Amino acid sequence: MALLDILAYPEKYLKKTAKPVMNIDGALQKTIDDMIETMYEAPGIGLASIQVGYDKSVIVYDPSYGEDRKALTVLLNPKIIETHGETVSENEGCLSVPDFRSDVKRAASLLVEALDREGKPLQIEAKEYLAIILQHEIDHLNGILFIDRVSALKRELYKRRIIKQLKQDDK
Ligand code: NI
């Protein structure tokens, strides 16, 4: 296994839309294992393929941070089929948006269709924390960062802070 580089805002690749996985082969399985290792190492709760520069539709997540191996989930080609209600995620964060947290308006519950890593179709009904993770990670596959869902003012302030930091790092 290998650790992958996690792309960070304002990297343009993060705006890419993932393509569906068509072939479930050894190369895909290796990428999935690398994504899992990268997520645990970060450490993060979830990781989407686009964040590591891979343009096929894959997400991995584990709300237990590796404490409970049964909580580790790999989804290929996840699609949100239904959403219900509205909630606000508290203090959402993202490995690709360092040093920024915000509340984000999200659906309260949802139904997702996907394939597991062997290609078996599955449906996930999720609410609360899991529903937020799924929305956040599936957003990545559509080129959307959680910062795109906060107010323009908050986003602009963050952008300025990051650009300033990047300039300082260049010196
Ligand atoms: Ni993220």
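Here are a few friendly notes on this predicted model, from the metal site out to the sheet and its helices.

1. The nickel ion is a good place to start. Its donors are the SG atom of C94 together with the NE2 atoms of H136 and H140, at 2.1 to 2.2 Å. Along the sequence these residues follow the spacing C-x41-H-x3-H.

2. Now to the two histidines. Helix 2, residues 128-141, holds both H136 and H140, which sit four residues apart, or about one turn of the helix. H136 has a relative accessible area of 7% and is buried because that is under 20%. H140 is buried too, at 0% relative accessibility.

3. The cysteine donor of the nickel ion is C94, and strand 4 covers residues 87-94. Strand 4 pairs with strand 5 (residues 97-106) in the antiparallel sense, over five bridges. A hairpin of two residues links strand 4 to strand 5, and S89 faces V104 of strand 5.

4. Next comes the open sheet, where five antiparallel strands run in the order 1-2-3-6-7. Strand 1 (46-48) and strand 7 (121-127) each have a single partner strand, so one side of each lacks a neighbour in the sheet. From one strand to the next, the twist averages 40°.

5. Strand 6 (residues 109-115) and strand 7 are joined by seven bridges in the antiparallel sense. Within this pair, S109 stands opposite K127 of strand 7.

6. Last, the helices against the sheet. Helix 1 (residues 26-41) packs on it, touching strand 1, strand 2 (58-61) and strand 3 (73-84), with its direction at about 40° to that of strand 2. Helix 2 lies across strands 1, 2, 3, 6 and 7, and runs at about 125° to strand 7.

Note on methods. Residues are numbered from 1 along each chain as its sequence is written. This is a predicted model: local features need pLDDT of at least 70, side-chain atom pairs count only at pLDDT 80 or more; totals for chains, interfaces and linings use all residues. Side-chain values use heavy atoms; hydrogens and water are left out. Donors are N, O and S atoms within 2.8 Å of the metal (3.2 Å for Na, K and Ca); water is not among the atoms, so sites may look incomplete. Buried means under 20% relative accessible area, exposed over 50%, partly exposed in between (1.4 Å probe, protein chains only). Two strands pair if DSSP finds at least two bridges between them. Axes are lines fitted to C-alpha atoms, for helices over the stretch in contact, and angles run from 0 to 180 degrees between N-to-C directions. Contact means heavy atoms within 4.5 Å.
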